[in-house]
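Open the model in your viewer and show it as a cartoon. This tour goes from one selection to the next.

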Amino acid sequence: MFTSIAGRSVIVTGGSKGIGKGIARVFSRAGAKVLIAARNRAEAERAAKEMEGEVSAIKADVTDLASMQELAKTASERHGGIDVLCSNAGVFPSAKLEDMSAAQWDEVLDTNLKGTFLAIKACLPYMKKSDQGRVVLTSSITGPITGFPGWTHYGASKAGQLGFMRTAAMELSKYRITVNAVLPGNIVTEGLVGLGEDYLATMAASIPLKKLGDVEDIGYAALFLATKEAGYITGQTIVVDGGQTLPESLEAMQAV
Ligand code: NAP
């Protein structure tokens with residue numbers, strides 16, 4: 001039904017683990033040429049090797065413009081240009097507001113928000129030449145919709161991505177590049193599994209669909225936004241959370 005994305009050049013920042021790895025796997029399975037970027041080269045290369053199709057890896061840091069320019073150049077040289085940027089790399093160290101240092105705040109904002117800007121800035125010269133330029137941000141429900149103690153910096157960065165997205169979508173419309181965001185709820189990643197069965201069961205009980213999301217659930221939403229058929233959608237968000245943000249109270253959830 002959808003026009004194939006096979007052969008398209010796709011970058012996934014933070015593609016070595018978790019959600020980014022799921023996004024990279026979904027795009028590679030659809031036949032795209034995928035470049036995974038992360039700071040840990042060995043992990044990124046291991047992830048690329050696990051996937052079918054044309055997937056490779058590069059060591060890159062989203063907080064560093066020169067590193068993002070190297071990433072964009074490499075993607076263009078390996079894959080003949082850049083069509084899709086999945087700006088997914090992110091960090092979420094927990095710290096309560098009263099204890100948070102300025103350095104902790106900067107680390108989260110530099111990676112999640114400034115990193116989004118730098119990745120797009122570096123890829124733009126190449127994406128302008130694509131006939132299907134797509135930027136897909138991995139934001140979160142935390143910040144744009146909900147709050148979670150310990151994550152003021154994280155929530156600000158994730159809500160900030162959406163403010164950035166709306167004006168970026170307008171500015172890049174002249175190149176027919178769309179800019180959209182996926183807002184994941186609680187997604188099962190290596191890190192979350194480490195928190196144990198009880199934690200996962202409690203989390204699942206607070207979600208109307210009664211289970212945590214899979215990394216590929218985010219990958220499919222990103223893939224849709226990258227299709228030719230999604231070309232008239234820009235500056236928008238897709239919440240992928242199993243209904244987690246729907247209940248207005250504990251009673252509402254218990255009535256499900
Ligand atoms: P994760 O498993 O910790 O993976 C994070 C990825 O980002 C890794 O590949 C990591 O590799 C990379 N990364 C971190 N800092 C980087 C930097 N400065 N430059 C380049 N790469 C960097 O995290 P995740 O749970 O999959 O989260 C991925 C995205 O989804 C984040 O933006 C997060 O905010 C968002 N999200 C996650 C959830 C969830 O339930 N998991 C929910 C909502 C939103 P290196 O450390 O090797 O660089």
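Start with helix α1. This is a predicted model, and α1 is mostly covered in it: ten of its twelve residues are buried. Select residues 18–29 to pick out the helix. Which residues of α1 are buried? Colour Gly-18, Ile-19, Gly-20, Lys-21 and Gly-22. Then add Ile-23, Ala-24, Val-26, Phe-27 and Ser-28. That completes the buried set in α1.

Now look along α1 from end to end. From its first C-alpha to its last, the helix reaches 17 Å. That is close to the 16 Å expected at 1.5 Å a residue.

Step just past the end of α1 and select Gly-31. Its phi is positive, at about 95°.

Next, select two helices together: α3, residues 65–79, and α4, residues 102–127. Their axes lie 8 Å apart. The two helices pack at an angle of about 35°. Which residues make the contact between α3 and α4? On the α3 side, show Leu-65, Met-68, Gln-69, Ala-72, Lys-73 and Ser-76. On the α4 side, show Leu-118, Ala-119, Lys-121, Ala-122, Cys-123 and Tyr-126. Colour this contact by residue type: eight of its residues are nonpolar, two are polar and two are charged. Turn the view so that one helix lies in front of the other. The crossing of α3 past α4 is right-handed.

Move on to helix α5, residues 152–172, and select Ser-157 within it. Is Ser-157 buried or exposed? Ser-157 counts as buried because its relative accessibility is 0%, and the cut-off for buried is under 20%. Now show what surrounds this serine. Setting aside neighbours within four places in sequence, Ser-157 is in contact with Val-108, Leu-109, Asn-112 and Leu-113.

Finally, zoom out to the whole chain. Count the elements as you turn the model: there are nine helices and seven strands. How much of the chain is buried? Buried residues make up 50% of the 256 in the chain. Draw a box around the C-alpha atoms along the principal axes, and they fill roughly 55 × 45 × 35 Å. The chain has a radius of gyration of 18 Å, which agrees with the value near 18 Å for a compact globule of 256 residues.

One last display: draw the contacts between residues at least 6 apart in sequence. Of these, 71% join residues at least 24 apart.

How values were computed: Residues numbered from 1 in each chain as written. Predicted model: local features only at pLDDT ≥ 70, side-chain atom pairs only at ≥ 80, totals over all residues. Heavy atoms only, no water. Axes fitted to C-alpha atoms, helices over the stretch in contact; angles between N-to-C directions. Helix = DSSP H or I, 4+ residues; strand = E, 2+ residues; numbered from the N terminus. Left-handed = near helix turned anticlockwise from the far one by under 90°. Contact = heavy atoms within 4.5 Å. Nonpolar A, V, L, I, M, F, W, Y, C, P; charged D, E, K, R; others polar. Expected span 1.5 Å × (residues − 1). Buried < 20%, exposed > 50% of the residue type's maximum accessible area, 1.4 Å probe, protein only. Rg over C-alpha atoms; globule rule 2.2 N^0.38 Å.
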